[in-house]
Amino acid sequence: MLKNIVKFTTIILLLIIFNTRIVNSEIVKKIEIIGNERIPIETINMLSDIQINDDINENDINILLRNLYETNFFQNLEIKLDNNILKITVKENPIISDIKIKGIKSKRIKDGINEVLSIREKSSFNEVKLIEEQEKIILLLKEQGFHFAKIDFYKEVLDNNKVNLIFDIDLGDKAKIKKISFVGDKIYKDQKLKRVIVSEEYKFWKILSGKKYLNE
C-alpha cells in the first residue's frame, strides 16, 4: 500500500513539473541584444547558444545567464523572454588599459608577479578575478619570505570604458627563522638534524644566505 502511494505521488509530481515546464516555455521568434558596445551582436549570439525557433524555459534562461557571466565579458546581465522575444541586456566589463605595480624596486620580484598574474592588458576587468590575482601575489611573496606583505589594489577609470589597474605593495620585512626545534621521539640530537635540513636559524653574520628566511 505504501509503495503504491509513493509511486502515485511521484507520478503526480512529475506531471506537475512537466506541465509547469510546458506552461513556462516559449518558442524564440526573435533575439534582441541591448547595451553592447565592444562585443559584437554575433559574438553574443554565438555565446548564448540559442537559436530562433528554440523552445526555452526559465531553467534555460538561468543556464544562459550563468554561461554569459562565465565569459568574464559582462559586468551585469538581464535576460527576459516576453511574447516570444528573447531580450538580452548587457553591461560590459571595462577593458584593462595598463597594469602598474608600485612599491617594489626589485625587477626579479616584479617579473615574478607578472608571471603569476593571469590578467593582462586589453583583457576584461573583473572584481572577483582581481581578488584571485591578489591571493596569487600574496602566495608568491610568502614563498620569498615576505609573510607580512600588504597589497592594496585600485583602478583608475578612463574614457571609453577602460581602466588602469594598480597594485600598491608594501613588502614589509622578511620573516626570519629565529629558532628551529624538533619534537617527538628522537634518536638524533637537534644539531645533527639541523645539518640535514635546508632551513637554518637566523644569525647576523649570515648575510648572503637565503636559508634563514621562512619558506613554507
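The questions and answers below concern a predicted model and treat its helices, its sheets and some individual residues.

Q: What distance does helix α5 reach from its first C-alpha to its last?
A: Helix α5 covers residues 127-143 and has 17 residues. At 1.5 Å a residue, a span of 24 Å is expected. The model comes close to that expectation, with a reach of 25 Å.

Q: Within what arc do the buried residues of α5 fall, seen down its axis?
A: The buried residues of α5 are L130, E133, Q134, I137, L140 and L141. They line one face of the helix, while V128, E135 and L139 are exposed on the other side. The single buried face follows from the arc, because seen down the axis these buried residues fall within 125°.

Q: Which elements do the buried residues of α5 pack against?
A: The buried set in α5 includes L130, I137 and L141. The packing partners of these buried residues are one helix and two strands, namely α4 (107-116), β7 (150-158) and β8 (162-170).

Q: Which residue caps the N-terminal end of α5?
A: The contact involves the backbone nitrogen of V128, which lies 2.8 Å from a side-chain oxygen. V128 itself is exposed. The side-chain oxygen belongs to the capping residue, N126.

Q: Which residue just after α5 takes a positive phi?
A: The angle in question is about 95°. The residue that adopts this phi just after α5 is G145.

Q: Is Q144 buried or exposed?
A: Q144 is found in the loop between α5 and β7. Its contacts, not counting residues up to four places away in sequence, are with R108, I109 and K174. The relative accessible area of Q144 is 18%. Since the limit for the buried class is under 20%, Q144 is buried.

Q: What arc do the buried residues of α4 cover around the axis?
A: In α4 the buried residues are I109, G112 and I113. Their arc puts them on the same side of α4, and the face turned away from that buried side carries the exposed residues K107, R108 and E115. The buried residues of α4 pack against β6, α5 and β8. The arc that places them on one side is only 100°.

Q: Which residue caps the N-terminal end of α4?
A: The backbone nitrogen of R108 lies 3.4 Å from a side-chain oxygen. R108 is among the exposed residues of α4. The oxygen is contributed by S106.

Q: Which strands stand at the edges of the sheet with the order β6-β8-β7?
A: This open sheet has three strands with mixed pairing. Two of its strands each have a single partner strand, so one side of each is left without a neighbour in the sheet. On average, neighbouring strands are turned by 20° against each other, direction ignored. The edge strands are β6 (95-102) and β7.

Q: How many bridges join β6 to β8?
A: The two strands run parallel. Within this pair, I95 stands opposite K162 in β8. The number of bridges joining β6 to β8 is seven.

Q: What angle does the direction of α5 make with that of β7?
A: Helix α5 packs on the sheet and touches β7 and β8. The angle between the direction of α5 and that of β7 is about 145°.

Q: Which residue is the bridge partner of E78 in β5?
A: Strand β5 belongs to an open sheet of three strands in the order β2-β5-β4, with mixed pairing. The edge strands are β2 (30-34) and β4 (74-82), each pairing on one side only. β4 and β5 pair in the antiparallel sense over eight bridges. In β5 (residues 85-92), the partner of E78 is T89.

Q: How far apart in space are T89 and E78, C-alpha to C-alpha?
A: In sequence, T89 and E78 are eleven residues apart. Not counting residues up to four places away in sequence, T89 touches I34, N76, L77 and E78. T89 is partly exposed, with a relative accessible area of 30%. The C-alpha distance between T89 and E78 is 5.1 Å.

Q: Which helix lies across β2, β4 and β5?
A: Neighbouring strands of this sheet are turned by 15° against each other on average, direction ignored. Helix α3 (residues 58-70) lies across β4 and β5, running at about 160° to β4. The helix that lies across β2, β4 and β5 covers residues 41-48 and runs at about 120° to β2. That helix is α2.

Key:
Residues numbered from 1 in each chain as written. Predicted model: local features only at pLDDT ≥ 70, side-chain atom pairs only at ≥ 80, totals over all residues. Heavy atoms only, no water. Helix = DSSP H or I, 4+ residues; strand = E, 2+ residues; numbered from the N terminus. Expected span 1.5 Å × (residues − 1). Buried < 20%, exposed > 50% of the residue type's maximum accessible area, 1.4 Å probe, protein only. Arc of directions from axis to C-beta. Contact = heavy atoms within 4.5 Å. Polar contact = N/O pair within 3.5 Å; in protein donor to acceptor, adjacent residues only side chain to side chain. Pairing = 2+ DSSP bridges. Axes fitted to C-alpha atoms, helices over the stretch in contact; angles between N-to-C directions.
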